[in-house]
Amino acid sequence: MPCEVAARFLILYGSQRGQAQSIAEEICEQAAEYGLTADISCLSNQDKYNVDSEIRPVVFVVSTTGEGDPPDTAQKFVRKIKNKSLPHDHLSHLRYALLALGDTNYADFCNGGKTIDSLLQRLGAKHFYATGHADDGTGLEVVVDPWIEGLWDALKKTFSGMSASNQTGAARSDCTQDNNHKNESGQEKNKSDLEVDLHLLKLSEVHSQNEKNVTSDSSEAETPSTTLVASLKQSVLPLSESVLKVPALPPSYLEVVLEQASTEGETVPSGKDGYHEVYISKAVQLTQDDAVKSSILLEIDISEQDVAYQPGDSFDILCPNRASEVEELLLRLDLQMQRNFAVQVSLLKNSSKKAAKVPLYIPQNSSLQFILTWGLEIRSIPKKAFVRALADFTRSSSEKRRLLELCSKEGSADYNSFIRDANVCVLDLLQAFPSCLPPLSLLFEHLPKLQPRAYSAASSSLQHPEKVHFVFNVVEFPSCPEHPARTGLCTGWLVDHVSSILQPLGTVPASECLGTSALPKVHVRPRPSSTFHLPSDPSVPVVMVGPGTGVAPFIGFLQQREKEHETNQEATFGETWLFFGCRHKDKDFLFREELERFVHNGTLSHLIVCFSRDEPDAAGTVNRPTYVQHNLLLHAKNVASILLKDKGSLYVCGDAKNMAKDVNDTLLEIIGKELQLDKLDAMKIVAGLREEKRYLQDIWS
């Protein structure tokens with residue numbers, strides 16, 4: 001290639017919890033394999049790059065956080081390119097590609113990346129490769145892997161075009177013109193930015209489906225292996241005999257030394273991160289013993305802490321990894337005798353990993369057991385790069401082959417089925433492949449930071465001064481071939497943690513029976529919401545949709561309104577509607593007495609409920625509403641009037657994967673029917689409600 005020094009590009013990433021950074025680093029490390037050189041920087045480090053004068057191709061990797069916002073590390077960059085005083089051709093010299101990360105279970109899918117993409121386009125920047133939108137809801141790798149695979153040819157074409165341009169002295173305004181080609185009739189056809197390699201975005205989905213179809217067709221190959229069933233440990237034809245395309249081995253970059261030294265006095269790593277250690281003053285079971293799910297209310301005493309919150313805010317709760325799982329991991333790694341040794345972590349000399357650094361969440365001189373308990377997310381689903389690295393530390397050739405299959409392009413369907421969808425963790429893999437014995441450094445390199453779990457406040461400080469309430473379901477993962485039965489990491493720990501004070505439904509609260517010395521403690525950190533609050537004007541009507549534990553923030557809303565009405569009875573208050581649903585009226589109708597009190601005293605104008613698994617009543621009601629969206633349809637005119645005529649607000653809290661999507665679809669149907677609009681125009685109206693912050697969601701997957 002003429003002018004080889006030009007084959008250098010820049011990678012800029014905006015990451016909230018490390019996924020975008022990890023993918024950006026993966027691209028950086030792969031570049032050398034294709035004869036390219038990459039420089040990499042976080043978008044927050046604006047002293048290390050300058051897009052205003054950047055002549056190299058730029059690859060952006062950007063995640064989405066909050067309510068469709070760019071990550072915190074990208075906010076400064078976004079403000080810079082959002083400056084309306086910049087001319088429309090300000091970045092006309094810039095050639096870029098962008099990979100956006102998001103989750104279709106949430107509103108504003110990939111909006112962090114889309115925001116940056118649109119702003120760059122507005123300033124004249126040009127794509128040299130189609131934007132990728134990766135979905136964590138179905139597996140980022142479904143789009144990420146083929147997108148990266150296609151990136152290298154796109155970069156080489158771009159460099160080739162730049163080199164040709166330099167040789168001829170003709171400066172091109174759009175490097176994608178290099179992709180011009182002639183069709184069969186001899187006429188030139190120009191691929192637009194959005195057409196370039198667009199097929200890559202769905203390539204692995206098609207491949208996975210084809211692989212499933214081929215695997216299930218046994219008519220062409222009547223061999224003994226066709227009777228086998230694929231599993232985590234076992235593959236079947238054609239995968240078992242395929243030539244594999246596996247990812248490059250991630251370079252090692254950490255050195256871990258265990259020293260026999262004192263590690264006494266270690267505590268939860270919370271002080272510098274804004275956490276407060278507080279008492280759990282009450283724990284009450286809100287559901288009957290025979291309910292499908294067990295729901296628990298916790299009351300946290302914040303009287304000794306400087307903590308303020310509003311209804312609609314959340315709190316982060318620090319929880320440890322399960323002691324039994326830490327013990328199993330230590331045993332499996334043959335490190336049980338070194339559990340109390342002090343850990344020293346440093347960078348390997350001469351590592352090929354660019355921008356390598358010791359993770360800040362691994363504290364120096366802490367014990368190994370402490371780090372595995374409080375530092376690393378040992379339940380995280382291993383990424384393909386981790387599986388690839390594990391294969392190199394597996395002695396059995398058959399086990400190594402299976403691990404390579406699971407991380408390969410050809411094994412994407414098996415990876416999704418037996419690792420990602422099955423919620424397999426590193427311990428599960430180590431149990432399934434007994435000849436795999438990785439060094440501790442490999443776990444430190446690939447396991448992410450143990451994250452806190454967020455819970456919506458289910459109270460108002462006006463109603464419960466110096467207290468905050470949380471509600472949660474105890475999450476249960478039944479046993480399956482890939483792993484044993486287990487409870488959710490935080491919910492399982494919490495229910496064990498409060499077992500000494502947990503009271504059955506309808507009994508005396510623990511705080512009235514026990515002194516504080518007998519109460520368990522927990523570390524919490526306020527997580528204020530920027531928008532999920534009651535309207536500042538109490539006369540604005542609100543519609544709340546919160547089935548199950550999704551009702552939590554609305555209990556806080558209604559407690560707040562109740563107290564505001566008591567202190568200002570002359571004020572005008574808008575209507576309040578709550579759409580609630582659960583399985584059984586007599587088993588899991590959360591906060592039933594309190595909600596009925598709100599209705600009785602006028603705080604709650606309309607309580608609309610449904611019970612999905614109760615038998616029809618004696619009257620044999622036909623088409624009885626099963627879920628909250630069905631009741632929304634029954635009250636479509638009221639909902640439409642509140643949102644469109646009275647300029648009210650709609651709040652949705654709960655499950656993102658099913659309920660929130662169904663409610664959104666129902667809202668589109670309601671608006672379409674009431675305004676006689678087609679779906680596209682109804683979508684524009686709903687988008688407007690979101691922009692005006694009158695359609696707000698607090699949802700989780």
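User: What phi does K647 take just after α17?

Analyst: K647 takes a positive phi of about 55 degrees. The model is predicted: local features need pLDDT of at least 70 and side-chain atom pairs pLDDT 80 or more, while totals for chains, interfaces and linings use all residues. Residues are numbered from 1 along each chain as its sequence is written, and side-chain values use heavy atoms, without hydrogens and water.

User: What makes α17 a helix with one buried face?

Analyst: Helices are DSSP runs of H or I with at least four residues, numbered from the N terminus, and α17 spans residues 636-645. Its buried residues (under 20% relative accessible area, 1.4 Å probe, protein chains only) are A636, V639, A640, I642 and L643. Seen down the axis, they fall within an arc of 165 degrees, so they line one face; the arc is taken from the directions from the helix axis to the C-beta atoms.

User: Why is K637 called exposed?

Analyst: Exposed means over 50% relative accessible area, and partly exposed lies between 20% and 50%. K637 has 61% relative accessibility, so K637 counts as exposed. E674, at 31%, is partly exposed.

User: How do you know that K637 and E674 form a salt bridge?

Analyst: The term requires a side-chain nitrogen of Lys or Arg within 4 Å of a carboxyl oxygen of Asp or Glu. For K637 and E674 the N to O distance is 3.7 Å, which meets that rule. The pair links helix α17 with helix α18, 37 residues apart.

User: Is R694 buried or exposed?

Analyst: R694 counts as buried, at 10% relative accessibility. R694 also forms a salt bridge with E692, with N and O 2.9 Å apart.

Terms used: Helix = DSSP H or I, 4+ residues; strand = E, 2+ residues; numbered from the N terminus.
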